[in-house]
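Here are some short exercises to work through with a structure on your screen. Try each task yourself before you read its solution.

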Amino acid sequence: MLDVIVDAEIADVRERAVNGNLDSITYLATCIQKGFYTPKNTDRALALFNYVIARKEEIVHKETYWNALCQKTYIHGERGENEVIDQLALELIRDIVKYDPCEWDYGRLRSSVRWLEDRFRQENDGAG
């Protein structure tokens with residue numbers, strides 16, 4: 001899964017990822033998702049994000065988990081999988097608010113709440 005061709009600029013990131021560093025796996029997956037320093041491959045990026053998210057308890061920096069959730073959201077957004085995004089937004093909110101408010105990522109929190117608010121509004125407008 002981590003056997004990818006990368007630019008020399010991130011070769012050290014790939015090496016740390018191969019050695020199991022979840023922060024590096026998340027960064028490498030983001031590069032793969034966007035085609036930065038490596039060929040773009042959203043399926044591989046999604047597999048890597050899923051790998052990181054499944055190891056939530058092992059993640060050292062909470063921001064790594066939040067980043068993996070957010071990047072996964074972009075992939076599902078490109079695929080039009082709004083129900084998956086709903087669940088990812090809820091998980092992000094739940095995880096952020098378990099920390100002290102001075103540690104919250106208010107931008108991501110606002111974005112997730114806004115997404116859910118818009119989705120709820122669309123569902124109610126469509127049912128009317």
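**Exercise 1: two helices side by side**

At what angle do helix H3 (residues 42-54) and helix H4 (residues 62-78) pack, and how far apart are their axes?

Solution. Keep in mind that you're looking at a predicted model.

- Step 1: The angle between H3 and H4 comes out at about 145°, and the axes are 9 Å apart.
- Step 2: Now for the handedness: H3 and H4 make a left-handed crossing.
- Step 3: Look at who does the touching. On the H3 side you'll find Thr42, Ala45, Leu46, Phe49, Asn50, Val52 and Ile53. On the H4 side, the residues in the contact include Tyr65, Ala68, Leu69, Ile75 and Glu78.
- Step 4: Sort the contact of H3 with H4 by class, and you get nine nonpolar, five polar and two charged residues.

**Exercise 2: checking up on H4**

Work out what span H4 should have, and find how many of its residues are buried.

Solution.

- Step 1: H4 has 17 residues, and at 1.5 Å a residue they should span 24 Å.
- Step 2: Compare that with the model: the end C-alpha atoms of H4 are 25 Å apart, which agrees.
- Step 3: Next, burial. Twelve of the 17 residues are buried, so H4 is mostly covered.
- Step 4: Among the buried residues of H4 are Trp66, Asn67, Cys70 and Lys72.
- Step 5: Go just past the end of H4 and you'll meet glycine 80, which takes a positive phi of about 70°.

**Exercise 3: a pair of cysteines**

Why is there no bond between the sulfurs of cysteine 31 and cysteine 70?

Solution.

- Step 1: Recall the chemistry: a disulfide is a covalent bond that joins the sulfur atoms of two cysteines.
- Step 2: To count as a disulfide, the two sulfur atoms must be within 2.5 Å.
- Step 3: The sulfur of cysteine 31 has its closest cysteine sulfur in cysteine 70, but that is 16 Å away, so it's too far for a bond.
- Step 4: The disulfide count is therefore zero.
- Step 5: Are these cysteines buried or exposed? Cysteine 31 is buried, with a relative accessible area of 2%, and cysteine 70 counts as buried too, at 14%.

**Exercise 4: where H5 meets H6**

Which residues do aspartate 86, serine 112 and leucine 109 touch, leaving out those up to four places away in sequence?

Solution.

- Step 1: Start with aspartate 86, which sits in helix H5. Its relative accessible area is 12%, so it is buried.
- Step 2: Aspartate 86 touches Trp115, Leu116 and Arg119.
- Step 3: Move to serine 112 in helix H6 (residues 106-127). It's buried as well, with a relative accessible area of 6%, and serine 112 is in contact with Ala89, Leu92 and Ile93.
- Step 4: Leucine 109 is also in H6 and counts as buried at 11% relative accessibility. Leucine 109 touches Ile93, Ile96, Val97 and Trp104.
- Step 5: Check those partners against the buried residues of H5, which include Ala89, Leu92, Ile93 and Ile96.
- Step 6: Finish with the span of H5 (residues 82-96): its 15 residues should cover 21 Å, and the end C-alpha atoms are 21 Å apart, which agrees.

**Exercise 5: an unusual backbone angle**

What is the phi of tyrosine 37, and where does this residue lie?

Solution.

- Step 1: The phi of tyrosine 37 is positive, about 65°, although this residue is not a glycine.
- Step 2: Tyrosine 37 is placed in the loop between helix H2 (22-34) and H3.
- Step 3: With a relative accessible area of 35%, tyrosine 37 is partly exposed.

**Exercise 6: stepping back**

How many helices and strands does the protein chain have, and what percentage of its residues count as buried?

Solution.

- Step 1: Count the elements: six helices and zero strands.
- Step 2: Out of 128 residues in the protein chain, 37% count as buried.
- Step 3: For the dimensions, the C-alpha trace spans about 55 × 35 × 20 Å along its principal axes.
- Step 4: Finally, take the contacts with a separation of 6 or more: residues 24 or more positions apart account for 50% of them.

Methods
Residues are numbered from 1 along each chain as its sequence is written. This is a predicted model: local features need pLDDT of at least 70, side-chain atom pairs count only at pLDDT 80 or more; totals for chains, interfaces and linings use all residues. Side-chain values use heavy atoms; hydrogens and water are left out. Axes are lines fitted to C-alpha atoms, for helices over the stretch in contact, and angles run from 0 to 180 degrees between N-to-C directions. Helices (H or I, at least four residues) and strands (E, at least two) are DSSP runs, numbered from the N terminus. A crossing is left-handed if the near helix is turned anticlockwise from the far one by less than a right angle, and right-handed if clockwise. Contact means heavy atoms within 4.5 Å. Ala, Val, Leu, Ile, Met, Phe, Trp, Tyr, Cys and Pro count as nonpolar, Asp, Glu, Lys and Arg as charged, and the others, Gly among them, as polar. Buried means under 20% relative accessible area, exposed over 50%, partly exposed in between (1.4 Å probe, protein chains only). The expected span of a helix is 1.5 Å times one less than its number of residues.
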